[in-house]
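Dear colleague,

Please find below the structure that I am handing over to you. My notes on it come after it.

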Amino acid sequence: MTPVRIEATNGVAVLVIDNPPVNALSAAVRGAIADAIAAVAADPAIQAIALAAAGKVFVAGADISEFGKPPLPPALPEVVAAIEDSAKPVVAAINGMALGGGLELALACHARVVAPSAKLGLPEIKLGLIPGAGGTQRLPRLIGAAPAFALMLSGDPVPAQKALALGLADAIADGDLIVGAADHARALAAAGSWTKARERADKLTTEDRAAFEAVAAEALKRSARIPNVPALVDAVRGVFDKPFAEALAAERAHFKALVADPSSKALRHVFFAEREAARIPGMGKEVKARPITKAAVIGAGTMGGGIAMCFAQAGIPVTLIEVKAEALDAGMARIRGNYETSVKRGSLSQAAMDARMAHITAAVGLEAAADADIVVEAAFEDMGVKAEIFGTLDKVTRPGAILATNTSYLDVDAIAATTSRPQDVVGLHFFSPANVMRLLEVVRGAKTAPDVLVTSLDLGRKLGKLPVAVGVCYGFVGNRMLAKRTQAAERLLLAGALPHEVDAAVTDFGFRMGPFAMADLAGIDIGWRARKAAGDKAVKAPVADALAELGRFGQKTGRGFYLYPEGARAGVRDPETEALIVALSEKAGIARRSFTREEIEARLFYPMVNEGAKILEEGIAARASDIDIIWVNGYNWPAFTGGPMHWAEGVGLAKIVAGLEEMAAETGDVSLEPAALLKRLAGNAGSFAALEAA
Ligand code: T1G
């Protein structure tokens, strides 16, 4: 069946793109649009054309899965040109999301009629690209170079009203969209004239140019690292300095170069990986989610309050439960304060805040969870506390209610065993702040029922999270790999590096913050207490322990790895910390030496990749790309490097195996010996991606 059908209505041909689920512009769709344009051009009964789409999305853009493969004709720019140069007027009927190439298709049309719920955008920047089918040339001509550049730089779509105000949309359909677009097309035909976007120049004023150059200069300052921002600046600047055809060719050249760039390949990997994570191997479609209409959260601390906000934001009534009234009051005050800050900032309306607060009921005593469909425990990270809570929840909640724990490290199976219904127990590991961080590790216990897992993943999406299913082990996936980086960072200090050198290497790599600045922010005492609790099972951290024993917990005490003069947020080097580190090296008999940034990267990240390989061997994660999106979305691993496992493939698994063997020999730490999987893949030039495909 052709992905483009032609429906004629009194002199107007309506071309309907129908390529589920999002009408991506695959080669078949591109060819069918070109054929349909040619067919109606030759039909004397047709005076005008409307370009429409089936489903909820107009067109999601080029088919990203085709990138990096041999291009198939016709190229999108050819299809765009065929529309723009049509002898009969073409009007776009935009019913939903018109993104990327989908909007470029509409920009080639001679007018755009949009549904009130439509959204229009050029998100290519988020894939490490720039528009490659005329967007950088036609959009500025329609709305001005400065607003067009801002829209392409953000990559965020604009709603119908904004599109109309900008001049991107010509009309908002107040009735049937197709009829509106067909009438508009018929009117253009009757008038006998229409303007192509490429012929417009009225918005390209000297003021617009000055505004564009200012926004561009600012953008270049902020994004020196990845190549697509400079490419976007150069392409849009062509609107002022080059003839249309030349500027279009320059845009296409930038686009093709970016498609081949590792940072775009990494961002496209993340795009598909985030969607792949929703698939649970072996889970059939017949497994349905349990209905979740009412939730309860145990614990009104930072995490519990944030989790309650997640439910409120999703419109799910939630009861926030504490055992003491004063703790409950403090938790509710914290939630109210968070929302008031957002209202003051203008990112939340007062009405929205009131609606969210109305969804949160405060209560003392676990009995208040009796009618909840799901209970999320976010109490103190202590097995005894959790066992007591789950034992009580087992009695007070209704049969079939899901009992979830937000534990970061503790054994979900052991928690499940404290109830009579281990099949209803699951881990929901939110990341702090829970109402902000997208990642949600859904921890599947040995006895967790399939529908409880499906319900948890479905609920995660409803809460606006990126849920990833993981297995039970110490630290699950993210924190288990983080422990290896923490250990490696400490080793680097004793071997000769200083905190600011390690942090600089990590921020240069693309993280927002290095491990030591992060430790100072979170509080060195947290890890120190956890290590004391874990005894000799704990990962050694002599520098952090020494600082904690001096009461230097980081920002909250004004000094930790760094010094925070007058409570400053950004730390400065602390000579006493550096002297302490040197003394610890001497005490350990280590001859200090300097490290290059590449060496620091290898020593920090190779052990993480190795732990990731072990996580795959143990079945704790279903695929390497799940590990990538856990780190990108839970720990700010820079998405333009694709995540630890994707990055490792770029480094070369054989090189990583060799590096790990050296580190294991140097430290005597057998956990740094390369994992069998890593050695096997490196041995036959394999890859994690190929592993999944197998
Ligand atoms: N190409 C290929 N597959 C796509 C796709 C695309 N553009 N967009 C979505 N899919 C798949 C997705 O992988 C998933 O597959 C299914 O469709 C549903 O997607 C030349 C070069 C449109 C807002 O960046 O933002 O045009 O998992 O789960 O939540 O200048 O999809 O079911 O197998 O996300 O309803 C620019 C990307 C491309 C838009 C819908 N366009 N897509 O969200 O569904 S580059 C984009 C989205 C370009 C031109 C340039 C969203 C959506 P599966 P979904 P959704």
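The following paragraphs set out what was found.

This is a predicted model, in which local features need pLDDT of at least 70 and side-chain atom pairs count only at pLDDT 80 or more, while totals for chains, interfaces and linings use all residues. Residues are numbered from 1 along each chain as its sequence is written, and side-chain values use heavy atoms, with hydrogens and water left out.

The chain has 694 residues and a radius of gyration of 28 Å, which agrees with the value near 26 Å for a compact globule of that length (taken over C-alpha atoms; the rule is 2.2 Å times the number of residues to the power 0.38). Its secondary structure comprises 29 helices and 20 strands (DSSP runs, H or I of at least four residues for helices and E of at least two for strands, numbered from the N terminus).

The chain is divided into domain 1 (4-260), domain 2 (295-472) and domain 3 (479-693), with bounds from an automatic or database domain assignment.

Between domain 2 and domain 3, 14 residues of the former are in contact with eight of the latter (heavy atoms within 4.5 Å). The C-alpha centres of these two domains lie 30 Å apart. Domain 2 and domain 3 have zero salt bridges between them (a side-chain nitrogen of Lys or Arg within 4 Å of a carboxyl oxygen of Asp or Glu). On the side of domain 2 that touches domain 3, strand 17 (439-443) and strand 18 (466-470) each supply at least two residues; strand 18 gives the most, with four.

Yours sincerely
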